[in-house]
Amino acid sequence: MTSAPTVMKREFTMFSALSVAFAFVSPIVALYSVLGVGLATSGPAFIWGGMILYLGQFIVVLTLGVLASKWADSGGIYQWSRRLLGHRYGWFASWTYIWTLLITLPAVAYAGAVLIPPIFDVPAADHGLVTWLAVAVLAFSTIVNLAGRVFIKILMVGVIIAEAVGSIGVAVWLLFFERHQGLDYLSPASLGDYSGAFFSAPLVMAIAFSSYFAIGFESASSIAEEVQRPKRAVPRAMVVSFFAIMIIVLLSTLAFTLAVPNDAFLQDPENAADPAVAIIAATFPEPVFRGILALFVIAFAASLMTIQITVSRIVWATARNGELPFARFLTQLSGATGLPRRAVLITAAIAVLLFLPFQSEGIQMALISFSSVGFFISFLFPVLGLAIARARGTWRDDPSLFLGRAGKIVSALALVWLLFQVVNVAFPRPTGAGWVTDWSTVIGVGAVGVLGVVVEAWVHRKRLHAASTGSTIVVFERDESEDDADPDPEQDPRAARGRAARGAIAG
């Protein structure tokens with residue numbers, strides 16, 4: 001009887017890592033999720049907030065790329081934070097990131113499910129139906145993740161096709177044939193004069209509300225132990241996916257904004273809620289409109305799948321260090337290639353329970369805001385840890401790492417940017433729905449933090465007890481010797497052909 005694997009097989013390539021990061025928050029998902037609130041709060045000049053956001057996030061991508069080039073562990077944010085400042089610091093990074101991803105799962109599933117009824121000509125679907133459809137989409141994503149990496153790769157191809165048609169194709173068509181506004185419509189002057197609080201200024205709010213445009217690139221690091229030569233592949237995948245998403249999102253935002261017929265169009269509550277869908281519905285024949293919505297659903301399903309990949313890997317990696325309840329159960333891998341199926345199932349079950357709040361009106365935007373600030377806090381953990389490690393002299397800027405010695409300046413800028421964004425996204429702006437709604441993001445972050453303190457205290461006592469008895473809470477240690485090894489010829493035929501050719505030359 002063969003024993004269960006303790007390591008995951010390296011069946012992913014750099015392109016696979018790039019695809020995971022690209023699909024995590026695809027341009028379709030990013031645009032559909034926040035375009036309505038962006039245009040409502042900042043008007044046509046909303047796109048300028050997105051540009052500033054991408055500039056700041058590019059610095060973060062480069063900084064995390066440095067860490068990915070040094071440590072190629074699954075659950076990157078957790079592992080980088082732990083290696084920089086120790087177990088307790090890393091644990092809180094993991095806890096924050098896990099709950100951010102868990103809350104993102106139902107938010108994305110629900111947003112995608114809203115698009116399904118119109119495909120089948122079911123108007124005005126109620127919350128109950130959409131919730132059940134969202135659970136079904138999440139179930140499909142879970143099945144794909146349980147099936148294996150081959151099926152994951154197939155869905156990745158599907159999302160690339162969906163993006164090519166649903167994002168790029170639609171954007172180009174709108175720009176050439178359905179443009180109703182000139183470029184002056186995007187003038188920053190349209191933001192108007194403002195003399196109130198800094199974080200309520202239209203441009204600052206545009207940066208906050210566009211935050212969902214530029215997250216997810218770090219998910220490439222979540223599968224580092226499944227990628228061939230990860231210290232080279234993962235940083236490159238993060239950067240390339242970031243630029244691909246940026247170009248497509250800005251192109252699509254430009255196209256949809258210039259396709260707005262008039263100011264009255266956005267004053268209609270239904271159009272203002274989903275301007276992208278409203279513009280597509282007004283532009284294309286009914287069958288084409290439904291086909292585009294189907295492509296949107298594919299993109300949302302792929303995004304769900306990659307979010308689930310990311311959260312299951314960080315749960316698995318944290319459990320491997322014995323730092324979660326039921327660690328040995330969660331660390332078990334399945335199948336010949338080693339899949340963390342138990343972690344996938346547990347995270348899916350928790351996400352289903354989190355659908356309960358969706359019976360409340362207006363919860364969608366609150367959850368998106370919480371997940372956005374959660375991502376920025378998660379990014380902040382390793383970037384702040386890197387700054388502290390430099391100050392302590394425990395980090396050396398090795399020229400062989402990604403960015404080389406330039407990483408010091410870049411990471412300092414990333415730290416300033418992330419501190420600004422955490423405050424900007426969490427800032428309690430008046431919505432007219434009451435103080436609970438206005439402060440919902442802060443309340444959510446506080447609740448997750450308090451619960452984390454309680455759970456971590458239990459984990460810390462367990463760690464101290466293990467140290468006092470001379471035992472260990474680590475389930476198993478990872479062998480890092482394979483990180484820079486050549487690909488297995490059985491997994492990569494090109495590597496086998498290359499070795500055969502070198503052998504023939506040597507002969």
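Select glutamate 226 to begin: in this predicted model, the residue is buried, with a relative accessible area of 0%. Next, display arginine 313, the partner of glutamate 226 in a salt bridge whose closest N and O atoms are 2.9 Å apart. This pair joins distant parts of the chain, since glutamate 226 lies in the loop between α9 (202-209) and α10 (230-258), while arginine 313 belongs to helix α14, 87 residues apart. Arginine 313 is likewise buried, at a relative accessible area of 2%.

Remain on helix α14 and select arginine 290, which counts as partly exposed at 25% relative accessibility. Glutamate 286 forms a salt bridge with arginine 290, with 3.1 Å between the closest N and O atoms. The two residues are 4 apart in helix α14 and are therefore separated by about one helical turn. Glutamate 286 is partly exposed, with a relative accessible area of 41%.

Now add aspartate 121, whose side chain meets that of arginine 290 in a salt bridge (3.7 Å, N to O). Here too the contact links distant parts of the chain: aspartate 121 is in the loop between α6 (116-119) and α7 (127-147), and arginine 290 is in helix α14 (residues 286-320), 169 residues apart. Aspartate 121 is exposed, with a relative accessible area of 51%. With Asp121, Glu286 and Arg290 shown together, a network of salt bridges is in view. The structure holds 6 salt bridges.

Finally, select helix α20 (residues 440-468); its end C-alpha atoms are 42 Å apart, in agreement with the 42 Å expected for 29 residues. Its buried residues include Val448, Val455, Glu456, His460 and Arg463. Glycine 470 follows α20 and has a positive phi, near 75°.

Methods. Residues are numbered from 1 along each chain as its sequence is written. This is a predicted model: local features need pLDDT of at least 70, side-chain atom pairs count only at pLDDT 80 or more; totals for chains, interfaces and linings use all residues. Side-chain values use heavy atoms; hydrogens and water are left out. The expected span of a helix is 1.5 Å times one less than its number of residues. Buried means under 20% relative accessible area, exposed over 50%, partly exposed in between (1.4 Å probe, protein chains only). A salt bridge is a side-chain nitrogen of Lys or Arg within 4 Å of a carboxyl oxygen of Asp or Glu.
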